[in-house]
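I opened this notebook to record two things: the pocket of greatest volume and the backbone angles that call for a second look. The entries follow in the order in which I looked them up.

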Amino acid sequence: MTTTDPPLNTALHIRYWQRCFRSGLSHHYTSNDSTRLTLGFFILSALDLLSAASPTPLIPTEDRDKLRAWILKLRHPFGGFCGSPTHVLPEHWTVKFDFEAEEDVARDPANANLAATGFALLLLGILGEGDGSDAFRGVDRARTLKWLKKLQREDGSFGEVMTDDGRIAGGRDMRYCYIAAIIRWALGGGEGEGEGEGEGARSLDFDVEALAGHIRRGQTFDGGMAESSMHESHSGYAYCAVAALALLDAANPDSAAASDHYIQTGIPSIPSLIHFLANRQHAYLNEGDDDDNNTGAGANHPLPDLSSLAVSDDDDAPVVAGFNGRLNKLPDTCYAWWNCGALSLLGEGGLIDRSSARRFILQKTQHLVGGFAKYPGDPPDIYHAYMGLAALATMAGPDGEPGLAKFDSRLCIGAAAASRMEKARESLLNRC
């Protein structure tokens, strides 16, 4: 970053996120009511990151206690978390007796879902007090890991929910692989004590090798990662795949294995993936820069005027370069995170042009009311506003982005919150 690069206006973003936290969200979010935990994650994690620019924590202690209680009320009695209070049913609607198995089973298994469970654990880490040792107090480790294990298919992929008739529902893409790896790492799957005679921890663990195999089959001919085998490459899926493998490495009980065992075995060609990710950054052209007749989505890909091309470029204007997620797509705020996050985990974060990427985020998609938009000129939204902060914090590397807390690229949260989750994980395992 040079002295001419724009700074992050932290006061503006703090006001934006405090409005999201203290006020009711706009009607545009009504359709997302069933995913309130997800919305809560973006809001609270953003405030946690921005607390580095505030003399006092942006999430007060009294609010932390209430939020923690709200999250724990979303637990499903048979493992996992529901995404919203509207999915939490009275006990007589959640439990029934299975006469064949001679035990109580879930009457409403589809109300607990994979994404909500991952976000719940991340939120508990963000809201943890002290060193975070008690952050997972109230989480039923064994039931949650047993529930998670049931969501894995034979091909190693994960679904999102269990249906009433026992089927695994949801896609097979890398997002679910990533969230499953978060849950396993956070709750110490594969470690500690499990259930059953002589099975130990493995009775609560899913098939890690099958998951790694599913991810391995997702790499495409151009080096990227697809949602699953034989699909189109996408940098969002690439990040989820890399982060999932990194979390498998972080929770690998085999002390003799290399620290990046699953990264190395789960990606057939790491150089090809790095090449794919690094080439997602490209210059952003303002509408009318070349051809006044270009409008709409195609305005950012005008045909060049061949008579204007030259070996040298006398234009000293700073380059603005965003990231896309797929070939021939427009730059988008969130892809700055997906690409930079994946490259960071692969140890190649230095391949991006940080200055030009910051200019795209801070000059093109930053909104005058705070937050970031998906595309230049669009209004801000919670998802892209958080991804913009995540990208800035990740691109800064160990030096950090002024005004933001240090960032953990594996979990997509602040480094301090990740440390609290680590302590909570250790406490869970010590109690096994």
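Entry 1, the pocket. I worked from a predicted model. I looked up the largest pocket and noted a volume of about 880 Å³. I then asked which residues lie nearest the centre of this pocket. I found Thr 38, Phe 42, Phe 119, Arg 175 and Ile 179, out of a lining of 36 residues.

Entry 2, the lining. I sorted the lining residues of the largest pocket by character and recorded 24 nonpolar, ten polar and two charged. I next looked up which helices supply at least two residues each to this lining. I listed helix H2 (36–50), helix H5 (114–127), helix H7 (174–187), helix H9 (235–250), helix H12 (333–345) and helix H14 (382–395).

Entry 3, Met 230. I noted a positive phi of about 70° for Met 230, although this residue is not a glycine. I placed Met 230 in the loop between helix H8 (208–216) and H9. Is Met 230 buried or exposed? I entered Met 230 as exposed, because its relative accessibility is 79% and the cut-off for exposed is over 50%.

Entry 4, Cys 412. I also found a positive phi, near 60°, for Cys 412, again a residue other than glycine. I located Cys 412 in the loop between strand E9 (407–408) and strand E10 (413–414). Is Cys 412 buried or exposed? I entered Cys 412 as buried, because its relative accessibility is 8% and buried means under 20%.

Note on methods
Residues are numbered from 1 along each chain as its sequence is written. This is a predicted model: local features need pLDDT of at least 70, side-chain atom pairs count only at pLDDT 80 or more; totals for chains, interfaces and linings use all residues. Side-chain values use heavy atoms; hydrogens and water are left out. On a 1 Å grid over the protein atoms alone, a cavity is a set of points where a 1.4 Å probe fits but cannot get out, and a pocket is an open set with protein on both sides within 12 Å along at least five of seven lines; lining residues have an atom within 4 Å of a point. Grid points are joined across faces, edges and corners, and a volume is the space filled by probe spheres set on the points. Helices (H or I, at least four residues) and strands (E, at least two) are DSSP runs, numbered from the N terminus. Ala, Val, Leu, Ile, Met, Phe, Trp, Tyr, Cys and Pro count as nonpolar, Asp, Glu, Lys and Arg as charged, and the others, Gly among them, as polar. Buried means under 20% relative accessible area, exposed over 50%, partly exposed in between (1.4 Å probe, protein chains only).
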